[in-house]
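Student: I have a new model open and I'm not sure where to start. Can we walk through it together?
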Amino acid sequence: MEYTYTILDSDAKSNLQLQHYLEEFNDFTCKGVVKNYNDGLDTILKQTPDIVFVRLDENAPQYFQMIVELHQYLIEIPLFIALASSKKHAYQAIKNHFYDYWLLPFNEFEIRKTIFKLKMRMPKEAQPKTLLLQSYKDYRYLNTSEIMYLQADNNATDFFMQDGSTISAFKTLKTFENSLPSNFVRIHQSYIINTSFVSRINYGKGICTLKHHKLHLPFSRTYRSNVENLKHHLSKNSISTLN
């Protein structure tokens, strides 16, 4: 159960500050930080976050237009929260159905109040722990906590289980990418991993190591942002020691 968000802001300092404040809420995960309209639209369509934080200053009209455009592609668009240095764009933000309007610099108390109201409005349901693989009259049920990773095999997908077994499904990896629980992350054109099994991320070699069988799976540049989010998530719940 998590809330995903994207930030559209060219100011690196405010981006880091916002992510820092949201770290207080362990169920919030960043799905991307972008600096302009085109990258913002592409990231929203690709990641479909729950919330989008938008810096409304010099580019405000462009971002209002983006919300109109999103209705052409998505049945349900994310909640938008405005970030601005003044109240200049507040009226237009209301007209474009922004959920909230935060004045900069950030007010930690205001952030906390908005997040708790948002959670009441958008309660997250627990995701199912069992995955059904159906082929004709054959119904197979997999406990998702026992799936270590998925690997693409042409137009089929192989599930590699904790007990060492392999189960095949005649569907593409893309089919399962958005239906699995949030602890499953795509790191490569050919791999989706269960983050519960990750024991190491090596950027030099471009691999993720999984527990138990010490499997080394490559991650690609295309999915580097997913790996960054994974590293950030794992680091939040770890005791850090620097070499």
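Tutor: Sure. Start with a side-chain pair: a polar contact of 2.4 Å joins Ser-14 and Asp-9. Keep in mind that this is a predicted model.

Student: Where is Ser-14 placed?
Tutor: Ser-14 sits in helix H1, which covers residues 12-22.

Student: Is Ser-14 buried or exposed?
Tutor: Buried. Its relative accessibility is 7%, and the cut-off for buried is under 20%.

Student: Leaving aside neighbours within four places in sequence, which residues is Ser-14 in contact with?
Tutor: Asp-9, Arg-55 and Phe-106. So Asp-9 turns up both in this contact list and as the polar partner of Ser-14.

Student: OK, new topic. What order do the strands of the open sheet have?
Tutor: The order is E2-E1-E3-E4-E5. That makes five strands, with parallel pairing.

Student: Which strands stand at the edges?
Tutor: Strand E2 (28-34) and strand E5 (100-103). Each has a single partner strand, so one side of each has no neighbour in the sheet.

Student: How are neighbouring strands turned against each other?
Tutor: By 20° on average, with direction ignored.

Student: How many bridges are there between E1 and E2?
Tutor: Five, in the parallel sense. Strand E1 is residues 3-8. To find the pair on screen, look for Tyr-3, which stands opposite Phe-28 in E2.

Student: What does helix H3 lie across?
Tutor: H3, residues 60-70, lies across E1, strand E3 (51-55) and strand E4 (79-84). It runs at about 175° to E4.

Student: Which residues of H3 are buried?
Tutor: Ala-60, Tyr-63, Phe-64, Met-66, Ile-67, Glu-69 and Leu-70.

Student: Why would residues three or four places apart point the same way in an α-helix?
Tutor: An α-helix has 3.6 residues a turn, so residues at that spacing point the same way.

Student: And what do the buried residues of H3 pack against?
Tutor: Three strands and two helices: E1, E3 and E4, plus helix H2 (37-47) and helix H4 (90-95).

Student: Last thing. How many disulfides does the count come to?
Tutor: Zero. Cys-30 is in no disulfide, and its nearest cysteine sulfur, that of Cys-208, is 18 Å away.

Student: Why is there no bond from Cys-208?
Tutor: Because its closest cysteine sulfur, in Cys-30, is 18 Å away, too far for a bond. A disulfide needs the two sulfur atoms within 2.5 Å.

Student: Is Cys-30 buried or exposed?
Tutor: Cys-30 is buried, with a relative accessible area of 9%. Cys-208 is buried too, at 0% relative accessibility.

Notes
Residues numbered from 1 in each chain as written. Predicted model: local features only at pLDDT ≥ 70, side-chain atom pairs only at ≥ 80, totals over all residues. Heavy atoms only, no water. Helix = DSSP H or I, 4+ residues; strand = E, 2+ residues; numbered from the N terminus. Buried < 20%, exposed > 50% of the residue type's maximum accessible area, 1.4 Å probe, protein only. Polar contact = N/O pair within 3.5 Å; in protein donor to acceptor, adjacent residues only side chain to side chain. Contact = heavy atoms within 4.5 Å. Pairing = 2+ DSSP bridges. Axes fitted to C-alpha atoms, helices over the stretch in contact; angles between N-to-C directions.
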